[in-house]
Amino acid sequence: MALPLAPVVADRTVVSWPAQGELPASTTAYFVPYRPAELSAEVPCAAVQAAVGAPERTTLLATTIVRDGGPAPGLVVDAGSGELRVLLNGRLVQTTSPAPTGCDVRVDSDDTATTVSTGAGPPTVLPLEPVPEVFAFTTDLTPEEAAGTTVTARTRTWFESRPSAVKSAMTAGHVLLVLTALVLLARWAPRPAGPRATRQPVPGRALRAACDAAVLLALTAWVVIAPQTDDDGYASMTIRNGLVSGDIGNYYHWANASEAPFTLVQQVLAPIMALSAEPLWLRLPSYLVGVATWFVVSRGVLGAVLPREGRSRLVPVLTALCFLGWWLPYNTGLRPEPFVALAAAAVLALLLRATGPGARRPLPALGAAALVAGLSLSVTPSSVVVLAPVLVFLPRIWRVLRTADGTTGRSWASTAGLAALLACAASSGLVVMFADQSWHGVAKATELHTLIGPSFSWFEEPVRYAALLGGGNQGSATKRLPVLLTLVAVLLVGLLVARRVRAVQGFRDVHLLTASAALSFALLAITPSKWSHHFGAVAGVGVPLLVVAGALLLQVARDRPRDRVVAGTGLVGAVLLALAAALSFSATNTWFLASGYGVSYREVPVRPLGVPLDNPVVWLVPAALVAVAVGRWRRRGPGRPASAVLVAPVLVAAAALLASVTLLLVGFTVAPLRQAEAGSYSLTAVNLQTLAGGSCGLGEAVEVLVDAPGGPLRPIGDAASLDGFAAGDGYPGDFPPPEPAGSRPAPPVWGSLVGGELATGTLVSPWFPLPALDGDQDLAVTAAGRTGGANRLEVEFGRAEEDAGVTAVGRRGLDDGPVGAPTWRPLAVAADDVPAAADRVRVVASDAATDVGGWLAVTGPRVRTAEDLQTFLAGRGDVLVDWPLAWHVPCVQDLPVVSDGLAQTPEVLLAAPPDYAAISDITYRTDQGGSFAGVTLADGREVPSRLVGAPQEEWGRVVLLDHGIDRDAYDRVTTTTPLWGWEGDR
């Protein structure tokens, strides 16, 4: 309990501008969070006098890039027209008419107050005024005029710390004490008298071995072919940055707040990330966890909870289906849920072993369960589901602690001692949480996560189910199915337990398993975020419940065929399971970003061969017919209908799970084959290339299109023929045409908006010389407005004749749809589509639309050359990758680092596709604590790009960033200071 408060060695980073020996020149400075802990700024009187007499205001010093048209955040000191102003956090705090001498300005700010002083005048003190935000240090003065202007700021480093020698010794001592506790529990456990009970043979050993092999093969293949999880890119970047910064922060979001106290999985993955960022290797931990979970569930949990008579030859097959149906859609990747599922299954298995009848040495098993449960709590907030079996088994645990051999009661002191040893083992989770972080750091991280969100209350749990049932990658068909089937199983088994079937059939612990599963879903409600991928944590308990529910129904079908209440329960269960299956398959087979390329049923409900799997009758009727046939075949007496009714729910669930697993395994085997046939990208191909030696993912599969040397083509001959179009005009003034990458000078441009949106017109541009195009080149124009419908946009090719005339040899239309857009986009003709005889080209356009938005604008043609993304990025500086894409670009190494309260300024942005902007823009929003919010101050120029083999796919965007000033041209000095665990900046 003292460890979180133990002393740590904390970093303290101070930024100074200008750099030592340099004159003041504007530069970016991304502080994360945006307000430093302390800031001191000084503008000398000479700099004030250089600007105060000018008729227009001049920025002497600002902690941001000042734009026209509104107040800027942070600190701004400007002068002009005989007046000196100091603006702080967007409001004017001081105005003076400075004297010729003694007019220097000084601003000092911390969390208690901000003080503004001008010359010898009285200072302006603003109590509790926030420290100004810092995104840059800028001035409109020349470096010589601004000489003497300085800013010193100490960043907020809440999370950058290392354990002191005292804290390390405490951690080591705790490890020894935990080992001692486990040894004491083992020695305290009574040694059972009499011979060890002989293990009863389990039917179908060969079938069990075959199911083992099938599951292991499926898991192994799934490592290669599986889609990415929603957060693989996000998690991979937190680990990559943590290798440099020393703390597993959030990199993109929450002001880079530490993931503490939930960093155990990231620490496990960090050594792999240090060797390679390729997806295949990073999936190995979740693969090994999946293998371990399979054996814990199939042997540990089901071996204890299923009676021998319930272990029919169908159970191994049902177990394999249930496990793969739960595991495949949720638990392969960097998310922590696989580890939680393994921990929950292990705790459940250990508690069944420790508290079941005939337990020979229960105390060591309880100690192991306490250790696993405690450690799992340091994985993720969803680890609360591990507490579900603990809470359900508390009465049994208490009985074990109170009795020495099942009959003799222990003293209260002895019971308290055992409970203390279990608590000692469980407290290991607390030590893992705080081994490398202080109480203050964890408290501040929790505060930022809660303040910025999403942070939902328990009663908002329907948000999670809305995501599951709302479609998209959060609610694909195969993600819905295991959750809905398990919820129905909880209800169904609960009704059967109420009918006292567990005592009759020997399923004595089925109520504990059912309660554990139900409580797992309930405990998820107290976690602050409500994404559907958290359901993966329930797999460790959900899988055995589905299996036991099926085994119980099959057993009751044989042993209680005349019980009408039980039969009614089976009928209700069959209907509910059919509805669950239909509801699941009414969703699309949508997966995150590039993982969806080539996947069947990506945008429509899953209907193989036209079979409407979203209709419950499709599931219910065949299952009922098969169940009746089974009942008649067994000829169990007059109760055959009841028997058939109880078999039907098992058949519905098994068929739905089989369909789901088949859809996943076959679908993600076929999809990469389709992509390979088209010569396009797939994550599977990347993983296979990794096995063969390595792959750069999208870096090799995306082509960036830059202008060929010489830039846009230059016109020859007569001027353009314009009727309703205008040269250099005719498009919205706030949407000027972008300058293509590599273009000097800019191409000519014509537009029809000069006469209004309802006007019409035609354009025939002059001829342009057309060079011979290579196979990796194309001919492009940039257009805005409507290119289809009543409008037409074409490039006409020609051949120069001896008499200086040009003979037309063909046209190619450029149409990207009937709906216009004010944004400029490139339209191109591939080299193979250019007529062989052509050596001239011109633009021909017609605006015949007479409705709103019917205008058209276009630039002159240019030749573009394609080069792969990895080559294009080389030498261009730091590359910021939006988190949805980060999983797919393992070879991008020049990543901006976020550490010590600062983020490096990127020069290139790999932006997510527009459909993912709503989730990726957290990186740039100040209200979300985006670490790179300063990017919004830069001018972005998109470079055309395309996915090889599938140019229609929205893979993302390449954007060159230009702040107009230097990048990170300041000094930073980091020192260390000892602090108690509760100390730190506010």
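How many of the 21 residues of H20 are buried? In this predicted model, 19 of the 21 residues of H20 are buried, so the helix is largely enclosed by the rest of the structure.

**View 1. Helix H20, from its first C-alpha to its last.** Helix H20 covers residues 539-559, and its 21 residues reach 30 Å from the first C-alpha to the last, which is close to the 30 Å expected at 1.5 Å a residue. With 19 of those 21 residues buried, H20 is largely enclosed by the rest of the structure.

**View 2. Strand S21 and the strands bridged to it, S27 and S26.** Strand S21 runs over residues 777-785, and 9 of its 9 residues are buried, so this strand, too, is largely enclosed by the rest of the structure. Strand S27, made of residues 862-868, runs antiparallel to S21 and is joined to it by 4 bridges; in this pairing, Asp-778 has Arg-864 of S27 as its bridge partner. Strand S26, made of residues 856-859, also runs antiparallel to S21, and 3 bridges join the two. Here the bridge partner of Ala-784 is Ala-857, which belongs to S26.

**View 3. An open sheet of 3 strands in the order S3-S30-S29.** The strands of this open sheet pair in an antiparallel manner. Strand S3 (30-31) and strand S29 (898-899) stand at the edges, where each has a single partner strand, so one side of each is left without a neighbour in the sheet. Between S29 and S30, which run antiparallel, there are 2 bridges, and the partner of Ser-899 in S30 is Leu-902.

**View 4. The salt bridge between Glu-907 and Arg-967.** The side chains of these two residues, Glu-907 and Arg-967, meet at 3.4 Å, N to O. Glu-907 lies in the loop between strand S30 (902-903) and strand S31 (908-911), whereas Arg-967 lies in the loop between strand S34 (957-962) and strand S35 (971-979), so the pair ties together parts that are 60 residues apart in sequence. Both partners are partly exposed: Glu-907 has a relative accessible area of 27%, and Arg-967 has one of 30%.

**View 5. The salt bridge between Arg-957 and Glu-942.** The closest N and O atoms of Arg-957 and Glu-942 are 3.8 Å apart. This pair links distant parts of the chain, with Arg-957 in strand S34 and Glu-942 in strand S32 (residues 939-943), 15 residues apart. Arg-957 is partly exposed, at a relative accessible area of 29%, and Glu-942 also counts as partly exposed, at 40% relative accessibility.

**View 6. A network of salt bridges that share partners.** Arg-792, Glu-794, Glu-796, Arg-811 and Arg-842 are joined into one network, held together by salt bridges with partners in common. The structure as a whole holds 39 salt bridges.

**View 7. The salt bridge between Arg-925 and Asp-927.** In this pair, the closest N and O atoms of Arg-925 and Asp-927 are 2.7 Å apart. Arg-925 is partly exposed, with a relative accessible area of 32%, and Asp-927 is likewise partly exposed, with a relative accessible area of 46%.

Definitions and conventions
Residues numbered from 1 in each chain as written. Predicted model: local features only at pLDDT ≥ 70, side-chain atom pairs only at ≥ 80, totals over all residues. Heavy atoms only, no water. Salt bridge = Lys/Arg side-chain N within 4 Å of Asp/Glu carboxyl O. Buried < 20%, exposed > 50% of the residue type's maximum accessible area, 1.4 Å probe, protein only. Pairing = 2+ DSSP bridges. Expected span 1.5 Å × (residues − 1).
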